[in-house]
Every structure is written in C-alpha cells, then in structure tokens.
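Here are some notes to read with the viewer open. Take them one at a time, and find each residue before moving on.

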Amino acid sequence: MAYFSDAPPPSRPRSVVVSGLGILSPMGYGAEENTIGFRAGRMAFSPVTIFDVSRQRVATAGQVDLPDAAPDGGISGKAWSRMDRGTRLAWIAAREALADAGLSGGEMPLVVGTSAAAMPVGEEYFKQALASPVRRAAQLRRVELYQAQRQMTDMARQLGVTGPLRIVSNACASGANAIGQAFHLVRSGRADRVLAGGYDALCQLVFSGFDALQALSPSGIPRPFDAARDGLALGEGAGFVVVESAGSAKARGARVIAEILGYGAATDVHHLTQPHPMGDTALVTMQAACSMAGISPGQIDYINSHGTGTPLNDIAEGNAIQRWAGDLVEKIRVSSTKSAIGHLLGGAGAVESVICLLAMEGQFLPASLNVREADAVCTFDLVKTPREATLRRVLTNSFGFGGANATLVFGKEGEIS
Amino acid sequence: MRTPLSITGCGAVSPAGWGVAAMMRLLEAGEKPVPSFLERAVGDEIIRTPVLRVPAEGATTPKFARLRRTSPISKFAAAAAMEALGENRLAEVAAGNLRVGVICTLTNGCVNYSNRFFAEALADPSLASPILFPETVFNAPSSHLSALIGSVSPNDTLISDSTGFLSGIDLAVEWIVRGDVDGCLVVASEEIDWLSSEGLLHYSRNYLPAEGGAAVYLEASCGPVELLRLPDPVSLAGAGREQAACEIRRRLGADDDGKTLLVDGRAGIPRYDRPDAVAWEDWQGPRWSPRMLLGEGMGISAALQTVAAVSALESGLFQNAIVAATGANQQSAGMLLGKNP
C-alpha cells in the first residue's frame with residue numbers, strides 16, 4: 001500500500017475476486033442460514049430487548065440473538081468480554097469469511113465500514129458520567145472500548161490479521177465503501193488480498209435518532225417500494241469478504257466465489273439526509289460501476305437496491321434505476337432485502353453484498369417483502385417473492401446520510417474480464 | 001517514476017487561532033496557549049476540566065446555509081478546508097473545472113450534538129430533536145464540506161486514532177493516482193465537549209484536551225512541497241507501540257542530515273510518548289512537537305503536525321520534513337516530505 005515517489009508506476013489493473021464470505025444478520029448465522037432464509041422469503045423482526053424502547057414510537061427491529069458467552073473456539077472469554085456488541089457481530093462474520101477463504105489471518109489490510117461503531121459502550125460511559133461523575137471505576141475502560149479503532153485492532157489481533165487497518169464511516173454506505181476500497185487496493189496491486197466488510201449493532205442513540213426523524217415504520221414492517229410505504233426498520237449484523245487478486249486466489253487453490261467487476265462512489269450534495277429526488281448521484285455511481293465493469297444495464301441480472309422503505313429514498317433510487325436502464329427498465333429485476341432484515345446502517349452495504357453473492361451462488365432472487373401495491377416509480381421488475389433465476393452479474397446500491405453513494409457490481413468469475 | 005504528488009495548500013484552526021499563520025507564530029515562539037475551564041454542575045459539585053479552546057475572535061468559518069446549525073467540528077473543518085483550497089480553486093470547482101475529493105479523519109467526532117441528542121433521548125425520546133441527530137453522524141462534517149465546495153467527487157470519512165490523518169493522505173494518494181479526482185482535501189477536525197474532555201483525562205490528568213481543525217490540499221504536481229514517502233502504517237494488531245514506531249522509522253528511511261525536520265507526535269506525557277521517544281531517541285537534527293504546545297487534539301494531531309511540517313518547508317528552513325506519530329490504539333504512521341527547489 002505504501003507510496004514512494006521513486007517507485008515504478010502501478011501495473012495494469014488486476015482481476016479481483018471474492019474468495020471468502022461471512023455473514024451474520026437477523027436472518028441467522030452464516031451463509032447457509034441466510035441463504036435458506038432469503039430463499040424462503042422469511043422476515044426477521046422481533047421486539048428490541050437490548051435497550052429500553054418503551055417510550056419510543058416503534059419497539060421492533062432486526063435484532064440478532066447474540067450469546068453473552070464466547071463462541072466455542074477461536075476466541076477467549078476475556079477477549080470476547082472486551083468486545084462491544086458490534087465487534088462481536090463483526091468478528092463472527094469476519095472469521096467465517098477467513099475460514100471460507102481457507103485463511104487463518106496473515107499480513108493483509110483490514111478495511112471496515114461502520115456508522116455507529118461501539119456506540120453502546122459510549123452510551124454506558126455517558127450514563128455513568130451523568131449519574132456519578134466522580135466515580136472513575138471502569139470509565140477508562142469504557143472510553144477506550146468505545147473507540148472503533150481499538151475494537152477493530154483487537155478484532156484483527158484475534159483474527160491474526162496484521163496489516164493496516166482502515167475504518168470507513170460514510171453512514172449507510174460504509175460497508176459498500178469498505179469493500180470498494182478493498183477492491184481498489186487489490187486491483188491496483190497495492191495488496192494481494194484484503195479482509196473487508198461492514199458492521200453495526202443496534203444502539204439506543206441511533207434507534208432514537210431514526211425514531212426522532214420519524215423514519216421508522218410505525219408498524220415495524222418495512223415495505224420498500226410499496227406505494228404506501230411509511231418508513232424503515234432497523235437491524236444489526238455484519239458482512240465480510242476476502243477480496244483477493246484472481247492470480248493470488250488461483251495460486252493458492254482458493255475457491256473463487258465471484259469477481260468484483262466495478263465500483264462507483266460519489267457524493268450527493270442535495271441535502272444532509274435527503275437524496276436528490278431524481279437520484280442524480282445514484283445514477284452516477286451505477287454508471288461508474290458498470291463502466292468500470294465494462295457492462296451495460298442489460299447485462300445486470302439483479303439489483304439489490306438500497307431500498308430503505310422511506311418515501312424519499314425509494315423514489316430517488318427508483319428514478320435513478322429508470323434513468324440508468326432506459327428502455328430496458330422493465331427487464332431489470334430489483335428487490336430490497338431490508339424488507340426482511342431491516343436497515344443495517346454501516347453494515348448494510350457489506351451485508352447486502354454478501355446477500356448478492358449468496359444469491360448468485362444459489363441462483364435465486366431474494367425478495368422485496370410486504371409490497372401490497374408497488375409505487376408508480378417501480379417501472380422495473382420488482383421481485384415480490386423469492387424466485388429461481390440465472391444470475392451472472394448483480395449490482396448493489398448503498399446510499400447514506402451526508403450523500404455518500406456507492407455501487408458495487410459482482411459477476412460470476414470470468415464473465416467479463 | 002510516478003507522477004509527483006504535492007501539498008499545495010494548508011489550513012489550520014487551533015488553540016493558537018484561526019489560520020496557519022497563527023499556529024506557526026505560536027510554534028515558532030514556543031508559547032503555550034492559556035487554558036480555559038469547562039464547568040458542569042452535578043448536584044452541589046462543580047466539575048472543572050481544563051481545556052484549550054479555539055479562540056472565538058478571528059473566526060473564518062465560511063457563510064453557508066448548512067453550517068448555520070452545525071456544531072464547531074464542522075465549522076473548524078470548513079475554515080481549515082477553505083484556507084487550504086483557496087479562492088481560485090474554489091472557483092474552479094464551482095465552474096466544474098476541478099474535481100476535488102474530500103477525506104475527513106476523526107477520532108472523537110461529532111460529540112457535542114451526540115451528547116445533546118442522547119441526553120434528550122434519555123429524558124424523553126418523543127421530544128428528542130430530529131435536527132440534532134443527523135449532525136451526530138461521523139461523516140456530517142465531510143458531507144458539509146462537499147456541499148460547501150459543490151463537489152460530487154468521492155467523499156470518505158475515516159475513524160482512527162491520532163495518526164488517522166496519514167491514512168487520509170494515503171487514501172487521497174490512491175484517488176489522485178487513479179485519476180478519480182484532480183486534487184483532494186484531507187481534513188481533520190475535533191471539538192471540545194465535557195464528555196470527551198473528561199474522558200481524555202481518564203488516561204492522564206496531565207493531558208490538556210484541545211480542539212480545532214487542519215487541512216491540506218494534495219494534487220498531482222511538482223509543487224514546492226512534495227510527498228516523497230508514505231509507508232504503510234504499522235498496525236498495533238501485530239506489534240507493540242514501540243516496535244511499531246521503530247518500524248515506521250525504518251520504513252521512512254530518512255537521513256538525520258541536519259537539514260531534515262522531525263515533527264513528532266509527542267504530547268508531553270512520557271507514558272504515551274514513549275514509542276516516539278524510543279524510535280527517534282538518537283535523532284540529532286531539528287525536532288518539533290506541536291502537540292506539546294497545542295494540546296491533545298486527538299484526531300487533529302497528525303494533521304497539525306503535517307501543516308507545521310509543510311509550513312516549515314515552505315519557509316525554506318529545511319530541505320525535508322518527517323511527520324511521525326504513534327497513536328494510542330491503532331497504528332504507527334509517518335510521512336516524508338521534501339522541498340522542491
């Protein structure tokens with residue numbers, strides 16, 4: 001990754017593949033449980049029990065059933081106890097990704113996206129500072145463990161990953177940006193492989209924030225792209241992938257899950273929390289990612305949309321898809337898996353990338369659940385129930401507060417390059 | 001030979017005042033700013049925390065609708081970024097002739113509004129302000145910067161320890177070399193709040209929490225201050241802090257030739273300064289430690305070091321400058337800058 005002014009120029013872009021994946025979502029632990037759940041069209045919302053929601057408008061979310069005790073193998077009870085809820089989610093998914101890739105750590109960069117990071121630890125620090133400010137016991141530990149870089153450094157140590165650590169915090173596009181950055185690190189030859197992903201855990205501040213914005217669906221059932229959609233549901237989880245040069249993966253005989261074909265990132269400056277209504281920047285990132293991939297909209301077999309279920313976001317993305325696809329829009333198959341597991345914020349882009357990879361491996365289309373009457377913006381083929389399909393190239397969109405927009409394109413290996 | 005990369009603009013907001021000149025005057029004079037005290041009442045008790053604030057007078061925050069409701073962190077970032085970018089380049093961006101990326105690096109982040117919003121949410125969630133919440137997000141300052149300059153180019157926020165600014169430079173290099181942008185603003189910003197200030201003092205009573213912002217504009221050119229070496233940071237996941245600092249020194253490969261300035265990350269707290277002290281123990285050349293004067297600015301520390309190094313090179317005092325630092329809990333990082341004739 002290093003820059004030296006007298007070093008030779010970078011070689012031609014390299015082919016980049018995914019050689020391992022891991023996922024932990026409200027749908028379940030690991031690739032298999034998630035594949036079964038999305039294939040069956042299951043929804044995974046439940047009452048929030050990890051903090052007080054009794055005075056909120058909404059009381060449900062996609063909460064993961066996470067054990068207090070360290071899982072068997074791979075981590076000590078002491079190390080587990082130091083991890084905040086989000087990092088535990090991340091560790092489980094990252095460990096699966098490494099194992100799936102046939103790796104046990106090593107000198108590779110770790111690029112991680114998160115939005116809330118270890119906020120629950122910060123919340124405890126805050127409460128203690130208010131309640132008993134002169135009591136110092138455990139406060140240093142809370143300050144230390146609140147910091148995302150401390151948590152991720154600890155996680156890397158537990159995983160045996162010793163390369164540089166980069167933590168991207170671009171709100172709800174964080175996870176996608178992390179994978180996109182990893183893609184570029186490998187593509188440019190700056191790294192042979194990178195562990196990349198995203199995570200976020202449910203926490204009170206963020207839950208209250210979305211509730212205060214009245215962005216949460218009062219019923220707790222998100223209906224992305226429904227004409228009468230009324231908001232999102234929050235969720236938690238993590239998705240990780242091992243991003244590797246095709247040459248490196250082949251040299252060590254690794255399983256190649258998919259090729260990363262393209263990545264686009266751009267900034268929507270329309271408003272801090274609202275996208276441009278015509279999806280201008282979403283269009284830019286979709287076009288950029290497909291241009292890099294060397295493919296046209298007609299070659300995309302499935303779009304995992306950002307699809308939050310809020311009135312403004314879905315319109316903007318729908319308009320972007322229409323403009324991007326043009327005359328082909330009716331053939332473009334789109335769904336939002338947030339309808340099943342909620343919005344995983346900083347983890348969303350990474351988890352949805354992994355869902356795309358699972359869909360491509362299993363050759364099925366996950367669904368946008370709960371749609372009664374599709375919004376008029378849905379001139380595309382909105383997938384309302386899971387279906388079997390031939391998937392060779394998939395695209396996933398991620399858009400965040402602050403206008404962070406990202407698009408990733410994955411393909412079956414060898415389809416393009 | 002790669003395309004040369006240069007830092008062609010700098011900005012700073014610090015306890016010394018608004019602007020790079022104010023900071024450099026203080027550093028050259030070796031003066032410490034006068035601390036003030038944050039006070040909060042808890043029952044009958046008053047908790048007083050010494051801090052180094054950015055002085056209110058002389059503020060250069062740009063007038064921009066989005067910045068009206070923001071907390072200081074975004075205002076510091078905006079002022080530093082505008083100073084680094086300069087009016088001419090701002091006009092070029094507005095005219096669509098210059099693609100400028102934005103990278104913000106933070107440790108503490110938007111703590112003022114987070115503190116306020118969470119207090120409101122605990123008191124009565126139904127009354128918590130929806131205006132505050134979006135400003136609590138880590139990438140709010142970087143979003144405001146892109147909106148301020150009117151750039152749709154990539155925009156990333158990195159969370160890191162005090163060395164994160166160097167990771168930001170690294171990412172900027174990627175973008176520029178790849179041709180994603182014509183130039184890149186790399187900005188660090190932090191704001192003072194009782195919550196974070198008291199938190200810092202749990203590490204050491206001798207820390208003096210500080211706030212501010214710093215920015216550099218990096219582009220592909222043969223400018224007066226060129227980026228010569230930016231080795232990979234050494235993760236503390238695989239090395240102890242002292243070992244990491246020594247490894248960074250080795251990777252920098254800089255000569256102690258008397259013409260090279262070392263701008264290190266020491267803050268004046270021996271326990272935390274030890275890695276930098278050990279790694280550079282035999283350094284005989286000139287050496288600055290801006291943090292000892294400007295306070296513990298967490299995420300802005302390496303940024304202020306960088307601005308100091310660039311300014312020192314521009315002044316013609318030195319041929320090269322090293323920025324080196326070891327953070328508390330992530331990495332050790334460094335950079336070698338050189339002055340072009």
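The points below go from the meeting of two chains to single residues in loops.

1. Start with what you are looking at: this is a predicted model. Please keep that in mind through every point that follows.

2. How many residues of chain B are in contact with chain A? There are 77 residues of chain B in contact with 70 residues of chain A. Together the two chains bury about 6,300 Å² between them, with 58% of it on carbon and sulfur atoms. If you go through the polar contacts between chain B and chain A, the count is 31 residue pairs, both residues being at pLDDT 80 or more. By class, the side of chain B that touches chain A has 38 nonpolar, 22 polar and 17 charged residues. The largest share of that side, eight residues, comes from helix H3 of chain B.

3. Now for charged pairs at that interface. The rule finds four salt bridges across the interface of chain B and chain A. A good place to look is Glu174(B), which forms a salt bridge with Arg166(A), the closest N and O atoms being 2.7 Å apart. Glu174(B) lies in helix H5 of chain B and Arg166(A) in strand E7 of chain A, so this pair joins two chains. Are these two residues buried or exposed? Glu174(B) is buried because its relative accessible area is 7%, and Arg166(A) counts as buried at 5%.

4. Stay with Glu174(B) for a moment. Arg190(A) also forms a salt bridge with Glu174(B), and here the closest N and O atoms are 3.0 Å apart. These residues belong to a network of salt bridges that links Arg166(A), Arg190(A), Asp170(B), Glu174(B), Arg178(B) and Asp180(B). Try showing the six side chains together.

5. Next, find Gln330(B), in the loop between strands E13 and E14 of chain B. Gln330(B) counts as buried because its relative accessibility is 2%. The side chain of Gln330(B) reaches the backbone oxygen of Leu165(A) at 2.9 Å. Leaving out residues up to four places away in sequence, Gln330(B) touches residues of both chains, among them Gln149(A), Thr153(A), Ile159(B) and Val234(B).

6. Two of those partners take us to helix H6 of chain A, where Gln149(A) and Thr153(A) are buried. H6(A) runs over residues 148-159, and its 12 residues reach 16 Å from the first C-alpha to the last, close to the 16 Å expected. The helix is mostly covered, with 10 of its 12 residues buried. Just after H6(A), Gly160(A) takes a positive phi of about 75°.

7. Salt bridges are found elsewhere too: the structure holds 37 over all chains. One of them joins the side chains of Arg14(A) and Asp192(A), at 3.1 Å from N to O. This pair links distant parts of the chain, 178 residues apart, and each partner lies in a loop. Arg14(A) is partly exposed because its relative accessible area is 25%, and Asp192(A) counts as partly exposed at 44%. In another salt bridge, Arg387(A) meets Asp381(A) at 2.8 Å from N to O.

8. Turn to helix H1 of chain A and the loop after it. The buried residues of H1(A) include Gly30(A), Asn34(A) and Phe38(A). Helices H3, H12 and H13 of chain A are among the elements that cover the buried residues of H1(A). Gly41(A), just after H1(A), takes a positive phi of about 70°. Where is Ala44(A)? Ala44(A) sits in the loop between H1 and strand E4 of chain A. With 9% relative accessibility, Ala44(A) counts as buried, and its contacts beyond four places in sequence include Pro26(A), Met27(A) and Ala340(A).

9. Finally, a backbone point. Most residues other than glycine have a negative phi. Leu345(A) has a positive phi of about 50° although it is not a glycine, and Asn370(A) has one of about 70°. Leu345(A) lies in the loop between H12 and H13 of chain A, while Asn370(A) is in the loop between strands E13 and E14 of chain A. Leu345(A) counts as buried at 6% relative accessibility, whereas Asn370(A) is partly exposed at 22%.

Technical notes
Residues numbered from 1 in each chain as written. Chains lettered and ligands numbered in written order. Heavy atoms only, no water. Helix = DSSP H or I, 4+ residues; strand = E, 2+ residues; numbered from the N terminus. Expected span 1.5 Å × (residues − 1). Buried < 20%, exposed > 50% of the residue type's maximum accessible area, 1.4 Å probe, protein only. Contact = heavy atoms within 4.5 Å. Buried area = accessible area lost by both parts, 1.4 Å probe. Polar contact = N/O pair within 3.5 Å; in protein donor to acceptor, adjacent residues only side chain to side chain. Nonpolar A, V, L, I, M, F, W, Y, C, P; charged D, E, K, R; others polar.
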